[in-house]
Amino acid sequence: MSTVLKNKNSRARNSSFKKLLFALTGIFALLFASSLVLLFSSENKTHLTLSITFGVTLYHFAIRLIIGYLTDKIFREKTNPKSKWFSPKKFEHRMYKTLKVHKWKKFVPTFDPNQFNMEDNSLNKIADSMCVAELCHEIIILFALLPVLLIIPFGSSGVFIITSFVSACIDFIFVIIQRYNRPRILRLIERKA
């Protein structure tokens with residue numbers, strides 16, 4: 001199979017990830033709304049548990065879409081890949097080697113693979129997209145931890161702690177991938193200059 005065909009298949013598969021996120025957000029919105037109707041009509045404890053579970057899950061999906069949209073609008077073409085924030089730290093190379101990032105990163109889906117496509121974008125634009133993606137996932141990590149505060153009024157600590165921790169870990173994977181790949185893109189930019 002040619003490289004171009006592989007890239008097209010990869011793009012088609014990855015663009016379906018975007019559709020999946022929107023679909024799951026919609027499904028959890030419907031489940032949350034339905035569970036609220038059941039809760040208010042019967043005040044059953046099971047319906048409260050379902051409402052909390054569906055509501056928190058909806059929150060975690062929705063923040064990804066909202067924060068992704070906002071960071072793209074606010075930070076697109078305003079980042080500096082060579083700034084201190086985006087520059088590799090001394091410990092990172094060893095950490096990436098230990099985690100074997102080069103082996104598993106290709107299996108992680110991309111929300112919008114067109115932003116990272118070398119055929120359609122300049123290397124500088126790809127580096128900027130990597131910075132925006134990293135910022136997006138870092139902000140999502142902070143927002144993913146917010147539901148832990150809901151333990152105080154609702155109890156149900158397990159749901160809030162588990163979903164927040166899993167959500168933050170998932171986004172940390174995306175941060176790692178951006179920080180792993182960006183220095184390679186920057187080296188390509190320097191070689192071509």
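Me: Within what distance do the axes of helix 5 and helix 7 come, and at roughly what angle do they cross?

Reply: The axes (lines fitted to C-alpha atoms, for helices over the stretch in contact, with angles from 0 to 180 degrees between N-to-C directions) come within 8 Å and cross at roughly 160°. Angles under 35 degrees count as roughly parallel, over 145 as roughly antiparallel, 65 to 115 as roughly perpendicular and the rest as oblique, so helix 5 is roughly antiparallel to helix 7. This is a predicted model, where local features need pLDDT of at least 70, side-chain atom pairs count only at pLDDT 80 or more, and totals for chains, interfaces and linings use all residues. Residues are numbered from 1 along each chain as its sequence is written, and side-chain values use heavy atoms, with hydrogens and water left out.

Me: What makes the pattern of the protein chain α-α-α-α-α-α-α?

Reply: Helices (DSSP runs of H or I, at least four residues) and strands (runs of E, at least two) are numbered from the N terminus, and the protein chain has seven helices and zero strands. Its C-alpha trace spans about 65 × 40 × 30 Å along the principal axes.

Me: Why are helix 2 and helix 5 called oblique to each other?

Reply: Helix 2 and helix 5 (residues 123–145) pack at an angle of about 140°, with their axes 9 Å apart, and this angle falls in none of the named ranges, so the pair is oblique. In their contact (heavy atoms within 4.5 Å), residues of helix 2 including Tyr 59, Ile 63 and Phe 75 meet residues of helix 5, among them Val 132, Leu 135 and Phe 143. By class, this contact has eleven nonpolar, three polar and three charged residues, where Ala, Val, Leu, Ile, Met, Phe, Trp, Tyr, Cys and Pro count as nonpolar, Asp, Glu, Lys and Arg as charged, and the others, Gly among them, as polar.

Me: How do you know that helix 2 and helix 7 are roughly parallel to each other?

Reply: The axes of helix 2 and helix 7 (residues 157–192) come within 10 Å and cross at roughly 20°, which is in the parallel range, and therefore the two helices are roughly parallel. Among the residues that meet here are Ile 52, Val 56 and His 60 in helix 2, and Val 159, Phe 160 and Asp 171 in helix 7. The residues of this contact divide into four nonpolar, five polar and two charged.

Me: How does the span of helix 2 compare with the expected value?

Reply: Helix 2 (residues 45–75) has 31 residues and reaches 44 Å from its first C-alpha to its last, close to the expected 45 Å, where the expected span is 1.5 Å times one less than the number of residues. After helix 2 comes Glu 77, whose phi is positive, near 60°.
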